[in-house]
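The report below is meant for a reader who is meeting this structure for the first time. It follows a few helices and their packing, and then turns to the chains as wholes.

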Amino acid sequence: MKLLDESSENLIEIRDLKYSRGHRAIFEGLDLDIKRGEVTALMGPSGTGKTTLLRLITRQLVPQHGTIHIGGIDIATLNLAELYQLRQRFGMLFQNGALLTDLSVFENVAFPLREHTKLTNRLIRHVVLTKLHAVGLRGAADMMPSQLSGGMARRVALARAMVMDPDILIYDEPFVGLDPISMGVIVRLVRRMNDTLGITSIIVSHDVAEVSTVADCSFLISGGKVAASGSPDELRTANSELVRQFMHGMADGPVAFHYHAPDYEEQLLGRDAE
Amino acid sequence: MRDLYNNSVEFVRTFGAFQLFSLRVIRYSPLVLLSRFDLVVKQIFNTGALSLVIIMVCGLFVGGVLGLQGYSNLARFNAEDSIGVFAAFGLIKELGPVITALLFAGRAGTSLASEIGLMKATDQLSAMEMMAVNPVPRVLVPRFLGGIIAMPLLVAVFSTIGLFGTHLVAVELLSVDVGAFWQQIQITVDMHDINEGIFKSFVFGVAASMIAVWEGYNAVPTAEGVGRATTRTVVITAIAVLVFDFMITALMI
């Protein structure tokens, strides 16, 4: 296994990425750098392919054109064993948690440890309970995923993503459906883990306000490219129409709120309106 | 014409993908059997033990029907003593493996397909891949092996209970001589007949489990897609089992 290059400033470098699904182009020449040890946010209107980008970075999908380097390694060149070795250094939080439904909360968090390590049961128990305590769900260890609320499931999934002490943590919409208390705790947890453990975090979110409190750097993706980037403050004061529309949630602007449709008046009052 | 062409290409492509998939599952099987037998045992319980009730009830009634039908037909030739042999051949060689496989498709096949389909729809399989765990040996192969091991055992239970059902109807109800009933079975049924049943149950086990696992793994990851995958599992398994049954019978008779 090739070792990750620890020296360069950028942990992930994406160059000229092109990806299309069917006839619809999702990315058209996307360039993006993610810095080591920072919290990077990927934002953008619905349907711009933020989740697709995460799947490309983790090679669950393969781009049609362009390269993705992680720590200096072109991930397209890895074979399956090397890819799995690389993925052990990733932790990923899925939108809906993606807990394994036939295992208890405890076993879900213990799953990566049991599959990849030969730790004793006592040690596994220790590690798992510590991680569950960090997300406030040590008391739920014996519950099954079906008994959890959506927010709780997300927190368990976060504990599971952390359990292997990854170098890169990826969050797909981590703030959706959390109550304000858990949201505050999770936001602080993301920030704290990043600072104390030196993890590189990537957050995909629509939630401008929450992202602004936690991210070092944000990328606004629209039309298959990076439309704007910078710190939350830079984005908030940016001049671009698109950035202003997105950051302040306005209906009018370069991004159409309405899906492509025939003329409103024509459709309501025209010939076909019987 | 164009549709016909596209459909044929699609069929060949799917069939090829199914074969590659089967090879992938079979390639991992020895490894899983040796190193993760605990997972296989869990699946034998899920597919085998949980299907026992339906298998036993159906076996009893199928045996009973054989007793009634056999008696009314054989009595015309004054051969009602041969009813045991009639039922034993029917159950061991044909009805046992075939009906068990069909019930298995309905009870265990659907649950396998929908479970795997739902795991896919809720990103559980992606999550596993992200945790650097290959879902083929971890999820698919244990379920496949569980089905293969469970099926011959279920067939044995079905045939035994079925024969007991025939005994109940023929001996207890229609007063066929109990000695003639069992002795004729003992004399006539030989190892070759039983091997045929075992071979069939093994083949049906492979077919039913592989189809269920394939349909679940390739389900469109939505509620509708998973529903369609479970339906297809039953339909395709039923067709495959009956076709294989004809081919094996033609070869072995």
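In chain A of this predicted model, the buried residues of helix α3(A) pack against α4 (121-134) and α5 (150-162) of chain A. Helix α3(A) covers residues 105-116, and its buried residues are A:Val105, A:Asn108, A:Val109, A:Ala110, A:Phe111 and A:Pro112. Three of these names return in the surroundings of A:Val156, which, leaving aside its neighbours within four places in sequence, is in contact with A:Gly97, A:Leu99, A:Val105, A:Asn108, A:Val109, A:Leu137 and A:Leu148.

A:Val156 also belongs to the largest nonpolar core, which has 135 residues, and it is listed there with A:Val156's fellow members A:Ala157, A:Ile170, A:Leu220, B:Met151, B:Ala208 and B:Val213 as the residues that touch the most other members. The element that gives the most to this core is helix α4 (residues 83-121) of chain B, with 17 residues.

Chain B has 9 helices and 0 strands, so that its pattern, read along the sequence, is α-α-α-α-α-α-α-α-α. Its C-alpha trace spans about 65 × 50 × 30 Å along the principal axes, and 43% of its 253 residues count as buried. Among contacts in chain B between residues at least 6 apart in sequence, 86% join residues at least 24 apart.

Three helix pairs of chain B are set out here.

| Helix pair | Angle between axes | Axis separation | Residues in the contact, by class |
|---|---|---|---|
| α4(B) and α9(B) | about 150 degrees | 8 Å | 12 nonpolar, 9 polar, 1 charged |
| α1(B) and α6(B) | about 85 degrees | 9 Å | 12 nonpolar, 1 polar, 1 charged |
| α3(B) and α4(B) | roughly 145 degrees | within 10 Å | 14 nonpolar, 5 polar, 1 charged |

How are the axes of α4(B) and α9(B) (residues 223-252) placed relative to each other? They pack at an angle of about 150 degrees, with the axes 8 Å apart, which makes α4(B) roughly antiparallel to α9(B). Their crossing is right-handed, and the residues that meet include B:Ala105, B:Gly109 and B:Ala113 in α4(B) and B:Ala229, B:Thr233 and B:Thr237 in α9(B).

Helix α3(B) (residues 52-74) passes α4(B) in a right-handed crossing as well. Among the residues that meet there are B:Ile55, B:Cys58 and B:Leu66 in α3(B), and B:Phe86, B:Leu95 and B:Arg107 in α4(B). B:Asn73 is also found in α3(B), and this residue is partly exposed because 13 other C-beta atoms lie within 10 Å, whereas 20 or more would be needed for it to count as buried. The C-alpha atoms of B:Asn73 and B:Ala121, 48 residues apart along the chain, are separated by 53 Å.

Helices α1(B) (residues 2-35) and α6(B) (residues 135-173) pack at an angle of about 85 degrees, which makes α1(B) roughly perpendicular to α6(B). B:Arg24, B:Tyr28 and B:Leu31 are among the α1(B) residues in this contact, and they are met from α6(B) by residues including B:Pro137, B:Leu140 and B:Phe144.

Where the two chains touch, 10 residues of chain B are in contact with 16 residues of chain A. By class, the chain B side of this contact has 5 nonpolar, 3 polar and 2 charged residues.

Terms used:
Residues are numbered from 1 along each chain as its sequence is written. Chains are lettered from A and ligands numbered from 1 in the order in which they are written. This is a predicted model: local features need pLDDT of at least 70, side-chain atom pairs count only at pLDDT 80 or more; totals for chains, interfaces and linings use all residues. Two residues are in contact if their C-beta atoms, placed from the backbone, lie within 7 Å. Ala, Val, Leu, Ile, Met, Phe, Trp, Tyr, Cys and Pro count as nonpolar, Asp, Glu, Lys and Arg as charged, and the others, Gly among them, as polar. A nonpolar core is a set of buried Ala, Val, Leu, Ile, Met, Phe, Trp, Tyr and Cys residues joined through C-beta atoms within 7 Å. A residue is buried if 20 or more other C-beta atoms lie within 10 Å of its own, exposed if 12 or fewer, and partly exposed in between; C-beta atoms are placed from the backbone. Helices (H or I, at least four residues) and strands (E, at least two) are DSSP runs, numbered from the N terminus. Axes are lines fitted to C-alpha atoms, for helices over the stretch in contact, and angles run from 0 to 180 degrees between N-to-C directions. Angles under 35 degrees count as roughly parallel, over 145 as roughly antiparallel, 65 to 115 as roughly perpendicular and the rest as oblique. A crossing is left-handed if the near helix is turned anticlockwise from the far one by less than a right angle, and right-handed if clockwise.
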